[in-house]
Every structure is written in C-alpha cells, then in structure tokens.
Amino acid sequence: MSGLETTVVTTSSEHVTFNVDDAEAAILAEAEETYQGRKLGFWFWASVTWLVLLLLSAVFADLLPLKDPTATFRGVVRQGPSAEHWFGADNIGHDVFSRTVYGARRSLAVASVATLVGFSIGGVIGLVSGFYRRTLDDAIVAVLDIMLAIPGLVLALALVAFFAPPGRASATSQTIWATFALSILAVPTIARVARAQTMVWADRDFVLASRTLGTRNLRIIVREVLPNILPAMVSIAFIGLAALIVVEAALAFFGVGDVSGVSWGIMIQNGRSQMDRAPHMVLFPSLFMFMTILSLNFVGDQVRTLFDVRESGI
Amino acid sequence: MAGSGTAHLRDEDADLALRVEHLVVEFPVGRFGTVHAVSDVSFDLANGETLGIVGESGCGKSTTAKAIMRVPPPTSGRIQLDGVDLATLSAEQMRDVRSRLQMIFQDAISSLNPRRRIRDVVAEPLVVQWLESHRRSRVIRLWERYVPRMLRLWRHPLIRRVAVPLLVAFFVGLVLWIAGSAFGSEQADGTRDGGIVQAAGSVVMVASLIGLAPIVAMFVVTAAVWLVLTALLPIVSLPRTFSIWRERKKFHEGAEVQVRDVLEDVGIDAEMAMDRRPHEFSGGQAQRISIARALILDPKVVICDEPVSALDVSVQAQVLNLLEELKEKYGLSLIFIAHDLAVVKNIADRVVVMYLGKVCEVGQPDELFARPRHPYTEILMSAIPVIDPAVDPRAARTITGEPPSPIFPPPGCRFCTRCPHATELCAQEEPEIREISPGQFVACHHPVGVPEDRVVDAPATVG
C-alpha cells in the first residue's frame, strides 16, 4: 500500500507542463499520417475525372461543337460509328453521340435533385427518429418499413402515372413528378442510415457532456451528432444517386415522365427494338450509364474512408 | 451494507457546497422490472473539500454523479446547491444552475466530439450560455411549455384505458355488421338484410364512435394548435437569430481569450492546440482539455467521474496534481469518483464507500484506510496490492461471486449475501448509518473491530 502511494505522488507539479516541442512533433507526425497517409488511388481519380467530364459536358453541351441532338441526318440511318457520327446514328438518323451527351443532362439533373431532396428529408427524419427514440422512433420506423416494402419502381411508376399521366400532363409537370417520385424512393434508405448512425453517436460521452451544459436538443443534433453522421450519409447518397439514375432511365423506358426530351433511358427504350440491326443505339447510352454508376459507387465508398476521423490517439 | 440514514451529514448551516439527501435513482427494465441503481444515498460536500466515492463497478457511483447533473434526473431525493433543490427545478431553471456544476468524464477522448476543433469544444459552455442569454420569443417559450404537456395528455393512461376498449368495440361492431350483411336473407332488389345481427353491429359501432369522438377531437385540436405554433416558429425566431448573428464576432473574440487562458491553466499550449481535433491528442492531454471545458464557466462544484481510470499511471499523477492545483486556483469543491483506492486516499478529504446503490461507510481517508469498520470496506482495503514480497497476495481477504442483481436487491443489508460476518439480523433489518468513532460513520450491524475496539490493520492481514 505504501508503495502505491509513492507512485501517485512522486511526480511533482513542475512536471505537469509537458514538453511542448516533443508533443508538437509527435502530433504533427500523427496528423500527417491521419490526413495524407490515405492514398486515394488511381481508380478514385479516374472515377472523379469521368464524373467531372460528364458533368461539364452536360452543363456546357450547348457550347460544345456537337451536332443538334434533335436533327435527323440523311443516309446514315442505323449506321454504326464513323468519323462523322462517332457513336453512329439511330433508326431515324439522330446523332447518337450528341444525344448521349445531351441525355446526361436530364438523367443527372433529375437524379441529383431527387437525391438532394431525399437526402434532406431522409436525413432530418433519421436524425429526429434516432435522437428522440421511443414512440416517435417506433412510428417513423413503421412508416419507413412500409415504404421499403413497396417495390421502388412500382411506387415511382404509380405516382408519376397517377399524378402526371403521359400525354395529358405538361412536360414540366411530368419531370417534376418524376423527380418527386424518385426522391420519395431515396427517403427511407437515407433515413435508416441516418437513424442508425445517430443512435450510435448520440450514446457517446460528448453528447452526455453537452447535455450537462444544458445545451438544447436542436443544438446537440446540429453541432454534435450531424457532423459525425454526415460522412456515412454522403457515402450512401452517392450510391443512392447511382441507383436513382437507373430508376430514372427505367421510368423513361416505361414511357412515364417526360419522354419527349433526350435521356439515356429514352434512348435505350428507342433502341430496344433495333437491337439486332443497330446495337450501338443501346450500347453507348448504356455504357455511359454503366461508367457513371460505377464511378459514383466508387467515389461513395472512398468518401467514407476519406472522412473517417481516427477516433483515438492512444 | 446497505445503509440508509443521514447521521453522517453535517449541519445544513455549515459551509456546504452541495448536500445530497435520500437520493434514489431507478430505471424501468422490461415491462415490470426496476433497476434500483441508487437507493437512498446521502452525502454532503463542504466548500473546498474533495469527496471521494469508491466502490466496485456497478455500485451506482456514476449513476449518482449523473443524477446530480440531472442526466437523467433522480427518481427522488434532494440535491441542495446554494440553497436550491436541483431535483425540483424545471429543465429551464436547471440551465441557469449548470454553470456552477460541471462534470468530467472517464473516457476523455470519447467526451470530446471528434469533428470539432479544440477551440470550439472548450468554448462550447460559453456559447451555450451566450445563446441562452438571448431571450427567446414568446411563441417559442409557449411551444416549449405546450408540447410536453400535450404529449403528457396524449400518453395519459386514462386515454389508453378508454380508447382501446372503444376501438375494440368498434371493430367487433364492424365484424358483426359485415357478418350480418353477408349471411342475411336476400331482398328482392338484390341487397341483403342482416337482421338483428347487422342492427346490433350498427348500434355498437355508432356507440363506440360517439365515445371515441371526444378523444379524437382532443387529438385533432391539440395537434392543430401544435401545427400553428410550429409553423410560426421560423418566423418568430428571426429577430433573435439576427441579433445573435450581429453579436457573434464580438462574442467569439472574447471567448477566444478565455479559451486561451483556461487552456494555459490546464497545461496545454493554446497556440498549438486550438485548431486541432481531439484525436490528435493523447489520453492525458484530452483529459486536460475536458477539464478546461469544465472550468471555463468558473464552476463551484466539479464532479469527476473516474477521471484518471483510463490513463497511464504516470499521466494519472500529472492529472491528479493538476486537479489539486486547479482546485486551489479556482476555489473548487470536487466529488471524485474512482475505483482506485490509492488515488482516492491521496486526493480525498472524506471518502464515501458505496455498495449496490447504498452507502456503507463514510470517513476521513486515513482513518478509513487504517481502520475500516465495514466488512466491505475491509475487503476492499485488503484488495489493494501491497508492494512487499513478504506479503502473500493469496492471503488477502477476498469475496467471491458477483454483487446481487440491482433488479432484485437482497432485503435487509445489501451486502449480507457476501458478507463474512452476516447473521440473521442482517438479512432482515437494514442497518442505519451511525457514528462509530468521531468522523467515521458505518452502516453495519456488526462493524469490524467493534465492540472490542481493537485496531485492525486491514491490508497487512498476514505478516
């Protein structure tokens, strides 16, 4: 017993101020390891490059030296790739390359707006549900389960077909309803991720510490919990964006939403009947979609590893 | 060991910082069970004193600390701080008191948000207080008063007791009605006459709907009021948001100076640390930062919940010395919770030994460690390893098994199931705390070394 006493009291209070230089050096080294030591790798940058290129060409399609996507060219109907028409031409002589680039516009716009809306609504629902728990959580989870139980495509088709029937509603209203339907699809998935993460983080000591200060719940949610669950949510949002691009194409494929414009889904739908004679009509938009989705999934995965803070320095 | 009673409390007019009386904390488990985490614990803390609370894991030390901080609030009991009973304050009133009462946690790194910079973490108490100093609009205060009352009304057992049978009755009526119409005799026009069954179904349905109407109306009306208030919230909070936004720069300049000062006080180089995040610090440094956060509001009482248990022994000593220094400098009173008896012996002016949610023994550390009176304290003391090759550790007095479940605590003395001196009396009657020698209080029917009053040197049980 006497031995233990000495261990505790021997260090005099002068030693309390630790050696700053050493500590600083150690911390700097560790910080470097934490943030720069994570190699993102070739495929991450390849994915980002692809996505940026696609985004830029979709936004500035009008400024690029592309052929008019709605113009029909004579004598090239169903012809394969050539120097004049890089991706060939479709069954009525549209240039497939310019249509693929223009098609990215609608696909990306609808899917990303829907993801953004679903991300916000689902995030708030998940945070509230995971933070307050009890009856509120039970009710919200029940609703989310019901939403998850309905096949996504069927729900989206039903919504759009009911509220903006093709042929009767205007093109704008069809696009808005398609976007709305897609964002509803995104809500339960994102809400569940946010809820699970919130439950994990809300049990941590720093949330308790915040409570002992008398912090209001809203501030705890926004300042303590939200920054911690954001990486997981962003990651799932990227993957959700990829899924919504597919669903958007599927809606166009089934002929709901605005089908008069140019989009990957519409191009695939048009080319479906020409598969035996002009496979490039389906191939190129599908390839673009495939690469975009692959890139989004890849970036989504990497985002989480990138922002994962090491929690302990011990 | 289970001691109840308040014989060990000092006079209320003595120079006390905190006085806890008959503190009870219970949690529901499952449908009917209750965890008796803390049962009738009383202690007091004089100004400038350090009170140690020791006991094995699960004895309710941390729960006691959290109950004083009201996270969650205690089931019953009184917590007197500056003549105010914290247990009876509303959440709003409690916010004003919290600056005088702070807490430090065991796992320092986990008690700091990994995403926030040290400057924000340490300034957080100031920010919270500053935000509270801006008066909320009347609508928000009304909303905060209204919503809990509305939820309490909705959850009222009476409503459940009335609504559930009525709903059941309605569905029984519906089934009767459908059955009647399905099996009734067919009329000339193709409809079916359900006869008496269908009529009875209709009557039951209408009656239950009439009964349900006031409940449904109450739900609709309260929800409508909630909706109106909630819709107003964003608009009415604008002036406050605007004034906070205007003053934020001035506030943050002032806060930064304070953060710097308190960081230097706890021995952290503010210049280096301010813009870093918690994971870049070692356990000891992180504990210093969380001490800085607790001190920035200049509190009166700091509750340390095992502040050094997760640290290396050498760092433990540093943090303990730091706490001693800061106690002088800031004029603090400390409640120091630990399971390391050596630490408590060195830092505490008074020690409370707890077992299974009850107080066993209270006394000065020197007396308590030299002459433990409670069998449990004696066993705890003998568990301290002795650095002396002549002492055989196997000869130390030990108890076997786990403490009993706090869901079904034993009647009588709570320690009687494991106590070597337990008798019939212990299993039936709970011992009251009594003064056994000046300044030493024990809750035991058969205290060690009494009545012979022989000096028992507990740890050196074998020479």
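Reader: What share of the 463 residues in chain B is buried, and what makes a residue count as buried?
Author: Buried residues make up 40% of the 463 residues in chain B. A residue is buried if 20 or more other C-beta atoms, placed from the backbone, lie within 10 Å of its own; 12 or fewer make it exposed, and anything in between partly exposed. Do keep in mind that this is a predicted model, where local features need pLDDT of at least 70, side-chain atom pairs count only at pLDDT 80 or more, and totals for chains, interfaces and linings use all residues. Residues are numbered from 1 along each chain as its sequence is written, with chains lettered from A and ligands numbered from 1 in the order written.

Reader: Why is α7(A) called largely enclosed?
Author: Because 24 of the 32 residues of α7(A) are buried, the rest of the structure largely encloses it.

Reader: How do you know that the end-to-end distance of helix α7 of chain A agrees with its length?
Author: Helices are DSSP runs of H or I with at least four residues, and strands are E runs of at least two, numbered from the N terminus. The expected span is 1.5 Å times one less than the number of residues. For the 32 residues of α7 (171–202) of chain A that gives 46 Å, and the end C-alpha atoms are 45 Å apart, so the two agree.

Reader: Where does α7(A) bend?
Author: At V187(A), by about 30 degrees, with the proline P188(A) following within four residues. The bend is the angle between axes fitted to the seven residues ending there and the seven starting there.
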